[in-house]
Amino acid sequence: MSSKRIGIIGAGTAGLHLGLYLLQHDVKVTIFTDKKPAEYSGMRLLNTVAHHAVTNARETALGANHWPEEQYGYFGHYYYIGIPGNPLRFFGDLRAPSRAVDYRIYQPRLMEDFENRGGRIEYREIRGNDVAKISAEFDLVVVCTGKGPFGQMFEHDKRNSPFDRPQRALCVGLFKGIKERPIRAVTMNFSPGAGEMIEIPTWTFNGLATALVIENIVGSDLEILAKAKYEENPRAFLDLLLQKLRRHYPDCAERIDEKEFDLANGPLDLMQGGVTPTMRKTHKVLEGGKLAVALGDVHALVDPVLGQGANLASHAAVILGEEIVKQDVYDERFVEHVDNRRNDRILGAMRWTNYMMTNLAAMPPELQQYVLAVSQNRVLADAFTDGFNYPERQWDCFASPARMEAWIAKHADEPTNPATARPYEPRKEPRVAA
Ligand SMILES: Cc1cc2nc3c(=O)[nH]c(=O)nc-3n(C[C@H](O)[C@H](O)[C@H](O)COP(=O)(O)OP(=O)(O)OC[C@H]3O[C@@H](n4cnc5c(N)ncnc54)[C@H](O)[C@@H]3O)c2cc1C
């Protein structure tokens, strides 16, 4: 066992993936968190997270992949772009499956892994001024929550945080009564000017349900979905939702059995709110001179529309773990090493997500051209879809109109697989993880 001692505040994906990595490398680690595993099943829906193949591979390496993708995964994305009078529909494959498991199941399971492998969890609410005290016991404290005072602890990175408020009003729930498509896949629906809706096949307490992540443009016809109260009148809420789905997302509405359609396991399966995309600086020097490092949402908070936040948290957790193991001094030079390795993906995800949210409503000519090209060419649709694993490559494409044009030209020259030549036909045999 190494003599290094690391303290982690928060047992979300960031804290747990870092904690499991450090245990694997014989580093002594304590997680401080405010909730016990048994409390999760009685909590409101936390989010609806899809892990992409790159994250699933990390979980396998951590010995924490309890939901094998062959059984629990999904295999691609259907796209519906609701251009009035000329809606576009197409499909793209993932090279290896993604997977969504309700975090009220996922997180307690990984907390058990952590404790079963000798990790220590202290269950208590940490306050801002506890951090300096905690740091006396550790070589490094890693903060993995942005709640309350922790959001303010790390300096706001204004250059990379262009918004001061949420860009979408969210209405997110786990639903039953929505028929699956021919192949298990996410559906990304776009209603230009009104918002986006992501359907995710999600494993929850009673088996498979459909997460609807309804991202509503503030001031649009859909914004009301983020405010309507299910608990006050479930029937009225569902009727309103059905009416909006028929109007904006007809491909989903037509797969709904209206008699069965409801929250999958009761009122706690709904969350409403908004996310202000925010980057913060990586570290803070604590009283006494030791460092606190930010990891996960507290470092980079992205809107959920492209499903990047937890995948980034996991990516950054393993990089931070590798640097903690490799280095002996946790100072500002250490932070530079961490930043150099994690920031391309983090900034890529932040910029790509912000670009999409801003431009999907306005649809500038280069994005129209991009969407049209991808909808007509399966090679492009596959490349775009698998790119959800690698947001820095997506940003390589979307960073300027010239890059978008070059990306189309480059991928359009790749040979088309005759089995997938038609843009809207899913492959018969989905590709599985390499
Ligand atoms: C609707 C929605 C859908 C999403 N979909 C996706 C997706 O498809 N793909 C994706 O990658 N990301 C997605 N995300 C983002 C993802 O949920 C987050 O990026 C990710 O969960 C962040 O993990 P974290 O470990 O940084 O923080 P958290 O998961 O917030 O963990 C924080 C931890 O700290 C603990 N804690 C909080 N306060 C205290 C305290 N005072 N003292 C002690 N402990 C404390 C909490 O109990 C928790 O254990 C989505 C988010 C939302 C809202």
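Which residue in S2 is the bridge partner of Ile9? Keep that one in mind while we walk through this model, which is a predicted one.

## The S1–S2 pair

The partner of Ile9 turns out to be Phe32, over in S2. That match belongs to a wider pairing: strand S1, covering residues 5–9, and S2 run in the parallel sense and share 5 bridges. Ile8 also takes part, standing opposite Ile31 of S2. To get from one strand to the other, the chain leaves S1, goes through H1 and comes back in at S2, and this β-α-β crossover is right-handed.

Are these strands covered or not? For S1, the answer is mostly covered, with 4 of its 5 residues buried. S2 has 5 of its 6 residues buried, so the rest of the structure largely encloses it.

## Neighbours on either strand

Both strands have another parallel partner. S2 is joined by 4 bridges to strand S6, residues 120–123, and there Ile31 has Ile121 as its bridge partner. So much for S2; now for S1. Strand S7, residues 140–143, runs parallel to S1 and is joined to it by 4 bridges. Here Ile8 stands opposite Val142.

Two isoleucines are handy landmarks if you're clicking through the sheet. Ile8 faces Ile31 in S2 and Val142 in S7. Ile31, in turn, pairs with Ile121 in S6.

## Around the ligand

Now to the ligand. There are 32 residues around it, and the ones that come nearest are Asp34, Ala50, Asp297, Ala310 and Asn311. Sorted by class, that shell has 13 nonpolar, 13 polar and 6 charged residues. Four elements each supply at least two residues of the shell: helix H1 (13–24), strand S2 (28–33), helix H4 (103–116) and helix H9 (309–326). Which of the elements gives the most to the shell? That's H9, with 3 residues.

A few polar approaches are worth pulling up on screen. Asn311 has a polar side-chain atom 2.8 Å from an oxygen atom of the ligand. From the side chain of Lys35, an N or O atom sits 3.0 Å from a ligand oxygen. Gly12 uses its backbone instead, with a polar atom there 3.4 Å from an oxygen of the ligand. As for cover, the ligand taken alone exposes 1,000 Å², and the protein buries 90% of that.

## Ser98 and Gln369: buried or exposed?

Two residues are left to place. Ser98 belongs to strand S5, which spans residues 88–100. Its relative accessible area is 0%, and since buried means under 20%, Ser98 counts as buried. The Ser98 side chain also makes a polar contact with the side chain of His52, at 3.3 Å.

Gln369 sits in helix H11, residues 365–376. Its relative accessibility is 47%, so Gln369 counts as partly exposed; the band for that label lies between 20% and 50%. If you're tracing what else is around there, try Met404: its C-alpha atom is 9.0 Å from that of Gln369, although the two residues are 35 apart along the chain.

How values were computed. Residues are numbered from 1 along each chain as its sequence is written. This is a predicted model: local features need pLDDT of at least 70, side-chain atom pairs count only at pLDDT 80 or more; totals for chains, interfaces and linings use all residues. Side-chain values use heavy atoms; hydrogens and water are left out. A residue is near a molecule or strand if one of its heavy atoms lies within 4 Å of it. A polar contact is a pair of N or O atoms within 3.5 Å; within protein, one must be able to donate a hydrogen and the other to accept it, and residues adjacent in sequence count only if both atoms are side-chain atoms. Accessible areas come from the Shrake-Rupley method with a 1.4 Å probe; for residues, only the protein chains shown count as cover. Ala, Val, Leu, Ile, Met, Phe, Trp, Tyr, Cys and Pro count as nonpolar, Asp, Glu, Lys and Arg as charged, and the others, Gly among them, as polar. Buried means under 20% relative accessible area, exposed over 50%, partly exposed in between (1.4 Å probe, protein chains only). Two strands pair if DSSP finds at least two bridges between them. A crossover is right-handed if, with the strands pointing away from the viewer, the path from the first strand over the helix to the second runs clockwise.
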